[in-house]
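Please work through the exercises below with the sequence and the 3D view at hand. Try each task before you read its solution.

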Amino acid sequence: MTQDLLPITRIPRTGLPAHAIVVGDPARAAAVAALLDGAEEVSYHREYRVFSGSWKGLPVVVASHGVGGPGAILLFQELADAGVRVLLRFGTAGAMKPGIADGDLVIAEAAVRDDGVTQQLLPPEYPAVSSPEAVFALQRAARAADAPHHRGVVWTRAAFQPGLLPLFSYAGAGLAAIEMELSALLVTASLRGLVAGGVLVVDGANADELVDDEGTSVYDPHRDVVAAGVEKGAVVSLEALRLLAEEYGL
């Protein structure tokens with residue numbers, strides 16, 4: 001019955017697991033779900049593709065939110081309405097400082113709220129911070145997977161392509177990476193009392209002084225080094241959920 005489904009994502013109002021991985025691409029949601037035992041597609045409406053299954057005995061949700069904070073926050077809010085209590089974003093990002101290579105993971109400690117949506121919900125002084133347990137669990141999982149990783153603050157920015165305004169207004173601020181949705185998740189989690197964090201696979205360099213291994217600034221997220229990082233990142237994300245449930249009791 002339609003009244004048993006939430007209006008935007010069309011996910012069930014009840015019955016979903018409490019732990020979730022959220023990704024941008026519906027195809028990536030399917031790829032992560034393929035790692036689960038007993039994976040089933042729950043719904044697929046607009047950009048919101050949702051699966052359920054289990055990872056090493058832990059029931060989990062894997063869901064896609066599309067590109068950009070305004071659409072993504074609708075998924076985060078409806079997952080919370082449906083009973084999800086732990087959410088980890090697994091996405092891609094551009095490196096913003098030297099020493100972070102293509103295919104590396106960036107574990108977000110916090111995010112700059114330039115997402116285009118939370119500014120309309122809360123004053124800009126309100127922080128977008130990851131749950132400490134999520135940061136620690138992701139770091140432990142990355143170490144166990146032997147995945148190159150870094151911790152730091154990321155810049156969530158609504159615009160993907162540069163415009164007339166300078167892109168790197170945060171140059172020199174020590175930001176690790178730039179992406180498009182994480183701060184919307186972290187703010188939603190803080191408002192709802194949820195546990196949340198994010199791990200991002202670097203798919204290119206996004207600072208003027210950085211270049212990729214091929215010596216070009218052309219953006220290409222489809223290279224083998226990125227695909228290898230995505231494969232490791234999927235396992236790291238799922239394993240971090242397990243750690244949060246079994247080791248931290250969340």
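The exercises that follow concern helix packing, a residue in a helix, and the nonpolar cores of a predicted model.

**Exercise 1.** Describe how helix 2 and helix 4 are arranged with respect to each other, and find the residues that make their contact.

*Solution.* Two packed helices are described by the angle between their axes and the distance between the axes. Helix 2 covers residues 69-81 and helix 4 covers residues 182-192, and they pack at an angle of about 30 degrees with their axes 9 Å apart. Angles under 35 degrees count as roughly parallel, and helix 2 and helix 4 are therefore roughly parallel to each other. The crossing in which helix 2 passes helix 4 is right-handed. On the side of helix 2 the contact is made by Gly69, Ile73, Phe76, Gln77, Ala80 and Asp81, while helix 4 contributes Ala184, Leu185, Thr188 and Arg192. Sorted by character, the residues of this contact are five nonpolar, three polar and two charged.

**Exercise 2.** Carry out the corresponding description for helix 3 and helix 5.

*Solution.* Helix 3, residues 132-144, packs with helix 5 at an angle of about 125 degrees, and their axes are 8 Å apart. That angle makes helix 3 oblique to helix 5. The crossing of helix 3 and helix 5 is right-handed. Helix 3 makes the contact through Glu133, Ala134, Ala137, Leu138, Arg140, Ala141 and Ala142, and helix 5 through Val236, Ser237, Glu239, Ala240, Leu243 and Leu244. In this contact of helix 3 with helix 5, nine residues are nonpolar, one is polar and three are charged.

**Exercise 3.** Determine whether Leu238 is buried or exposed, and list its contacts beyond its neighbours within four places in sequence.

*Solution.* Begin with the location: Leu238 lies in helix 5, which spans residues 224-246. Buried means under 20% relative accessible area, and Leu238, with a value of 0%, is therefore buried. With neighbours within four places in sequence left aside, Leu238 is in contact with Ile21, Val32, Leu35, Leu36, Trp55 and Val60.

**Exercise 4.** Identify the residues with the most contacts inside the largest nonpolar core, and the elements that supply this core.

*Solution.* The largest nonpolar core has 40 residues, and Phe76, Leu79, Leu87 and Val154 have the most contacts inside it. Among the elements that each supply at least two residues of this core are strand 1 (19-23), strand 5 (86-95), helix 2 and helix 4. Looking at Val154, and not counting residues up to four places away in sequence, one finds that its contacts include Val106, Ala108, Leu182 and Leu200. A second, separate core has 36 residues, including Leu58, Val135, Ala147 and Ala245.

Definitions and conventions
Residues numbered from 1 in each chain as written. Predicted model: local features only at pLDDT ≥ 70, side-chain atom pairs only at ≥ 80, totals over all residues. Heavy atoms only, no water. Axes fitted to C-alpha atoms, helices over the stretch in contact; angles between N-to-C directions. Helix = DSSP H or I, 4+ residues; strand = E, 2+ residues; numbered from the N terminus. Parallel < 35°, antiparallel > 145°, perpendicular 65-115°, else oblique. Left-handed = near helix turned anticlockwise from the far one by under 90°. Contact = heavy atoms within 4.5 Å. Nonpolar A, V, L, I, M, F, W, Y, C, P; charged D, E, K, R; others polar. Buried < 20%, exposed > 50% of the residue type's maximum accessible area, 1.4 Å probe, protein only. Core = buried A, V, L, I, M, F, W, Y, C linked by side-chain atoms within 4.5 Å.
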